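Subject: Structure handover and notes

Dear colleague,

I am passing on the structure below, together with some notes for a reader who has not seen it before. Please look at it first and then read on.

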Amino acid sequence: MLATGFHASVAVADTAPIVHAWGYNFFGQVGNGTNDTPVTRPIPMVSAGGQDVVQVSGVYLESYGLHADGSLWTWGNGTQQIPEPVPGLPPIRQVSSGIGHTLAVGRDGSLWAWGTNDFGELGDGTTTRTPTPVKVPITGVVQAAAGTGFSLALRSNGEVYAWGLNRFGQLGDGTTTQRATPVRVKVPYGITQVSATGEFGMALRYDGSVWSWGTNSSGELGDGTTTDHPTPVRVDRHVSGITQDLRGQRPHAGTRR
């Protein structure tokens, strides 16, 4: 497993589930108890927060490590020089960090969010920032993806929901209206995986087709145009048959066909 943040990286080897980190460390991103000297080679974490980790996630100034027991640990951001548990969460199955906010999926299908909320990206109906997790009003979540000012959630029935900034149609609901609570993305049923980055979203369907929406100024939606799309379009059929996204996560089972 590998994740990158602001000039820093974290990794976990399959043979030894201990987090190693390296790079820029002026905000404690390396988690070695300091926040001044850059680290040019991978070093192990200095506390129990680096043990038995099954997923890592990096963001602008902090990093996260998800333990096998479902506890989520964080370090960095100038205040935490070693890993500490994130309070107020149930056992977690997956975490995703965006620029300024983080999403965590509970093993019970609940979804939690914290951080910046200027555009409603926390999905709690407000634009109030919070450093502690708040519950997003959506159930049956199996995966979440945090973009820049917006969020995506995949439910166990294959539906995708989005909320937050929508200037370029990155919520995929056919509008450019900002939302502070989840709305349905207009993709076909049977989605197995979602991804969000910058100001666009993507979804992988069980049949191998890929769908995308949002900003498209550089052709990032892959439909052969540079036109923004507030409603999902299918990526060029030459890439049909994909079974994993760029992060290499396995598709989720139990989707509706």
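The notes below go from the whole chain to one sheet and then to two residues.

This is a predicted model, in which local features need pLDDT of at least 70 and side-chain atom pairs count only at pLDDT 80 or more, while totals for chains, interfaces and linings use all residues. Residues are numbered from 1 along each chain as its sequence is written, and side-chain values use heavy atoms, with hydrogens and water left out.

The protein chain has 0 helices and 20 strands (DSSP runs numbered from the N terminus, with helices being H or I of at least four residues and strands being E of at least two). Of its 257 residues, 49% are buried, where buried means under 20% relative accessible area, exposed over 50%, and partly exposed in between, with a 1.4 Å probe and protein chains only. The protein chain exposes about 11200 Å², of which carbon and sulfur atoms supply 54% (by the Shrake-Rupley method with a 1.4 Å probe; for residues, only the protein chains shown count as cover). If one takes the contacts between residues at least 6 apart in sequence, 44% join residues at least 24 apart, a contact being heavy atoms within 4.5 Å.

One open sheet has 4 strands in the order E13-E14-E15-E16, with antiparallel pairing (two strands pair if DSSP finds at least two bridges between them). Strand E13 (141-146) and E16 stand at the edges with a single partner strand each, so one side of each is left without a neighbour in the sheet. Within this sheet, E15 and E16 pair in the antiparallel sense over 3 bridges, and Tyr161 has Arg184 in E16 as its bridge partner.

Gly172 is found in the loop between strand E15 (160-164) and strand E16 (179-184), and it counts as buried because its relative accessibility is 0%. Leaving aside residues up to four places away in sequence, Gly172 touches Asn166, Arg184, Val185, Lys186, Trp213, Pro230, Thr231 and Pro232. Of these, Lys186 is 14 residues from Gly172 in sequence and 6.0 Å away in space, C-alpha to C-alpha.

Pro85 lies in strand E8 (residues 80-85) and is partly exposed, because its relative accessible area is 49%. Again not counting residues up to four places away in sequence, Pro85 touches Leu72 and Trp73, whereas Tyr64, 21 residues apart from Pro85 in sequence, is 9.4 Å apart from Pro85 in space, C-alpha to C-alpha.

With kind regards
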